[in-house]
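Me: I should like a close look at one part of this structure, namely the surroundings of a single residue in a nonpolar core. Please explain it in a connected way.

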Amino acid sequence: MILDLHTHSVRSDDGRAKVDNYCQWIRKKELPLDGMVLTEHRQWDDTSDYRDLEDRYGLVILKASEVETDYGHVLVFGVNEDLVNSFDFARIDNPLPEVLAAAERCGAFAAPCHPGRRNVGLFAHYERKGVVDAVHTVEVLNGGSIPGEDELSVEKAAEHGYRGFGGSDSHIVSRIGFCATEFDDTVTDIDGLVAALYGGRFRAVSLREPV
Amino acid sequence: MSDTEGTEPASTEVQEAKAKYVGFVFDTATFTAEQDKMLAWAESVGETDPRFTDPSNPDFQAHPTFTASLVSRRVLPEDFPKIGGPRGIDGGKAVVIQQPIRPGDRLKASATIADIYEKTGRSGTMTFIVQRMSFVNQNDEPVSMVDWKMIRNP
């Protein structure tokens, strides 16, 4: 199955897409997505309930977070109360090793996103500050990347032996599904997603229309 | 983008500003909802619904975004620090509609700082200052709330 692991709704301060509209778009455009993960910026959305939309559109809709660290942005899947209390999701300078360690301790899965982004991505920080040993997986395909960034992500991920996944990083409906992640196993809930990510049986896929 | 992205000092500065300024009213202003201004605003945003463009319509009222055109005397509290760098960008306004505003309504607005936060992106660390204008009418009924995001970056 294919999930877009990196999307933003109006819950993010810069998001312009309602989740309902994402669902309508996926169905109207017949995108090969089985679902999406909402990764709202610098917060854990504990209140939104998308189960009705899941039933109405036959899509998996899961919630996660995109936090900011001293090595760039990081997606965290499987957020729970323990993790929320482990570090400040609103800060922009959380130490990456602490975020990774907290996620693992709390049964979540954390991985840097758009690592090939110039100046602000994980690999740019590596050049200035050194490698963070606890990184194991990165987002190698990001729908918001400009030419060259994903290529760098793929190259550097291979160099470091990291697994790679994909996400659209969509903030408006028409950009969902540009990049996504194909799983060998079926994922229906957040625990299943975390298990699938730790299992490593997935790959990044680009669904962009040919230019 | 500088190498100082996401470093401690900026964040501490924002935390201190949040603690000091968020939630406190720093200015008030009064306005009268004048029909001519309501019509001019509706026209300027391209509205065609007669509820907002035709004074003879029985439900004539101000366009939902009319209050976004009303500003207080002060944009920020008098002693607000110069956080986030010298360059300012208008990050847009969001309007919450609570009650229709009718011609002749006397509006009282209270200005507060609703939030201050930082985020990092391609252009570096940006500081967002959200100014909130809360409007009540002559009956003290809430009619509108406008959040104006001001972005500052180095």
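Reply: In this predicted model, Ile113(B) is in contact with a set of residues beyond its neighbours within four places in sequence. Among them are Tyr21(B), Val22(B), Gly23(B), Phe24(B) and Phe26(B). Contacts of Ile113(B) also include Leu76(B), Pro77(B) and Phe80(B), as well as Ile129(B), Val130(B) and Gln131(B).

These contacts may be placed in a wider setting. The largest nonpolar core has 29 residues, and Ile113(B) is one of those that touch the most other members. Phe31(B), Phe80(B), Ile116(B), Ile129(B) and Phe135(B) are also in that group. At least two residues of this core are supplied by each of α1 (8–21), β1 (25–32), β3 (106–121), β4 (124–136) and β5 (142–153) of chain B. The largest share, 5 residues, comes from β3(B). A second, separate core has 27 residues, including Leu96(A), Tyr126(A), Leu141(A) and Cys179(A). In general, nonpolar side chains in soluble globular proteins tend to be buried together.

Two loop residues in chain A may be set beside this picture. Asn119(A) is not a glycine, yet its phi is positive, at about 70 degrees. Asn119(A) is found in the loop between β5 (109–112) and α5 (122–129) of chain A, and with a relative accessible area of 39% it is partly exposed. Asp169(A), likewise not a glycine, has a positive phi of about 60 degrees. The loop that holds Asp169(A) runs between β7 (163–167) and β8 (179–183) of chain A. Asp169(A) has a relative accessible area of 10% and is therefore buried, the cut-off being under 20%.

How values were computed:
Residues numbered from 1 in each chain as written. Chains lettered and ligands numbered in written order. Predicted model: local features only at pLDDT ≥ 70, side-chain atom pairs only at ≥ 80, totals over all residues. Heavy atoms only, no water. Core = buried A, V, L, I, M, F, W, Y, C linked by side-chain atoms within 4.5 Å. Buried < 20%, exposed > 50% of the residue type's maximum accessible area, 1.4 Å probe, protein only. Helix = DSSP H or I, 4+ residues; strand = E, 2+ residues; numbered from the N terminus. Contact = heavy atoms within 4.5 Å.
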